[in-house]
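Trainee: Could you walk me through this structure, one feature at a time? I would like to learn how to read each one.

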Amino acid sequence: MSFEQRLLKFFRTLILVGAIVTGVVLWIVQWSMTRPQTQPIAFSHQVHVGQRQISCFYCHTGAMKGDIAGVIAVQDCMQCHQTVAADHPEIQKISERWFKTKQPIVWAKVYKMPKHVHFSHRVHIAFLSRNNPDALADPGKTICIKCHGDVPNMKVIGAPVSLPMVLTGNMNPNTGMGFCVDCHRANGGPMDCTACHR
């Protein structure tokens with residue numbers, strides 16, 4: 001075998017090994033980003049939003065006031081759960097945090113936007129409710145569903161799995177830049193790059 005043939009064989013092997021390693025790394029990244037997040041409390045949006053029809057804004061108070069929706073404080077959970085389902089094991093975990101340790105619940109983040117994207121919940125909620133003020137009464141079925149999916153029917157909240165999500169860090173495959181641009185075009189939102197990329 002000539003030197004050129006050995007060199008060609010080496011490069012073919014290198015390309016094959018590189019492709020396999022890249023595939024394995026992407027699979028590991030996808031698995032780590034999209035596996036169900038273990039939450040400290042087994043909270044069901046299906047029960048709270050779907051069945052009990054509690055407004056998203058009751059727990060995510062920051063959504064109407066600022067950029068980040070935020071999560072409910074332990075004392076707010078206990079406003080209901082001192083009496084409602086107080087003997088449930090998950091509620092007892094909350095009760096212990098509130099009455100014994102006074103420690104906050106540290107929830108695992110499920111939905112993530114890339115760091116180079118500025119997103120304001122307040123601005124989007126104000127816009128989406130401007131022509132439909134009744135939407136604020138049931139945002140889970142009218143406003144939040146547009147980006148977060150069918151949350152009222154999710155027992156365990158989670159972002160859908162897709163390769164674009166893994167590669168871009170977007171919270172789900174439907175909310176990439178194309179999704180946002182299409183929505184801005186259809187609804188008269190700002191098209192200037194600096195509106196979202198700061």
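Mentor: Gladly, and keep in mind that this is a predicted model. Let's begin in a loop: alanine 137 sits between α7 and α8, the latter covering residues 139–142.

Trainee: Is alanine 137 buried or exposed?

Mentor: The idea is to compare its relative accessible area with a cut-off, and exposed means over 50%. Alanine 137 has 63%, so it is exposed.

Trainee: Which residue should I look at together with alanine 137?

Mentor: Try glutamine 53: the two are 84 residues apart along the chain, and their C-alpha atoms are separated by 9.6 Å. Glutamine 53 belongs to the loop between α2 and α3 (56–59). Its relative accessibility is 54%, so glutamine 53 counts as exposed too.

Trainee: What about the backbone of glutamine 53?

Mentor: Look at phi and at the residue type together. Glutamine 53 has a positive phi of about 55°, although it is not a glycine. Alanine 85 is another non-glycine residue with a positive phi, near 50°. You will find alanine 85 in the loop between α5 and α6, and at 37% relative accessibility it counts as partly exposed.

Trainee: Let me step back to the whole chain. How many helices and strands does the chain have?

Mentor: For the overall picture, count the elements and then read their order. There are eleven helices and zero strands, so the pattern along the sequence is α-α-α-α-α-α-α-α-α-α-α. Of the 198 residues, 24% count as buried. The accessible surface comes to about 13,500 Å², and carbon and sulfur atoms account for 63% of that.

Trainee: What do the contacts say about how the chain comes together?

Mentor: Here you ask how far apart in sequence the partners are. Among contacts between residues at least 6 apart, 64% join residues at least 24 apart.

Trainee: Where in the chain is confidence highest, and where is it lowest?

Mentor: Start with the average, then go element by element. The chain averages a pLDDT of 82, and 87% of the residues score at least 70. Helix α2 has the highest confidence, at 91, while helix α10 (residues 163–168) has the lowest, with a mean of 47. Over residues 160–171 the pLDDT is below 50, yet this stretch has 34 contacts in the model beyond near neighbours in sequence.

Trainee: Now a single helix, please. Which residues of α5 are buried?

Mentor: With a helix, list the buried residues and then look down the axis. In α5 (residues 74–81), Val74, Cys77, Met78 and His81 are buried. Viewed down the axis of α5, they fall within an arc of 100°, so they line one face of the helix. The buried residues of α5 pack against α2 (45–51) and α6 (89–101).

Trainee: How many aromatic pairs are there in the whole structure?

Mentor: A search finds two. For each pair, check the distance between ring centres and the angle between planes. The rings of phenylalanine 10 and phenylalanine 11 have centres 5.6 Å apart and planes at 65°, so this pair is edge-to-face. Phenylalanine 10 is partly exposed at 48% relative accessibility, and phenylalanine 11 is partly exposed at 42%.

The second pair, phenylalanine 43 and tryptophan 107, is edge-to-face as well, at 6.3 Å centre to centre with 75° between the planes. This pair links distant parts of the chain, 64 residues apart: phenylalanine 43 is in the loop between α1 (3–34) and α2, and tryptophan 107 in the loop between α6 and α7. Phenylalanine 43 is partly exposed at 28%, as is tryptophan 107 at 22%.

Trainee: Which residue lies over the face of tryptophan 98?

Mentor: That is lysine 102, at 4.1 Å from the ring centre.

Trainee: Can we finish with the loop between α6 and α7?

Mentor: Of course; here we read burial and partners side by side. Serine 120 is found in this loop, and at 5% relative accessibility it counts as buried. Leaving aside residues up to four places away in sequence, serine 120 touches Gly66 and Asp67. Histidine 118 lies in the loop between α6 and α7 too, and is partly exposed at 24%. With sequence neighbours up to four places away left out, histidine 118 touches Asp67, Ala195, Cys196 and Arg198. The C-alpha atoms of histidine 118 and threonine 194 are separated by 9.1 Å, with their positions 76 residues apart along the chain.

Conventions: Residues are numbered from 1 along each chain as its sequence is written. This is a predicted model: local features need pLDDT of at least 70, side-chain atom pairs count only at pLDDT 80 or more; totals for chains, interfaces and linings use all residues. Side-chain values use heavy atoms; hydrogens and water are left out. Buried means under 20% relative accessible area, exposed over 50%, partly exposed in between (1.4 Å probe, protein chains only). Helices (H or I, at least four residues) and strands (E, at least two) are DSSP runs, numbered from the N terminus. The arc is that of the directions from the helix axis to the C-beta atoms. Contact means heavy atoms within 4.5 Å. pLDDT is the predictor's confidence in each residue, from 0 to 100. Rings of Phe, Tyr and Trp (its six-membered ring) pair if their centres lie within 6.5 Å; planes under 30 degrees apart count as stacked, over 60 as edge-to-face and the rest as tilted. A charge sits over a ring if NZ of Lys or CZ of Arg is within 6 Å of the ring centre and within 35 degrees of the ring normal. Accessible areas come from the Shrake-Rupley method with a 1.4 Å probe; for residues, only the protein chains shown count as cover.
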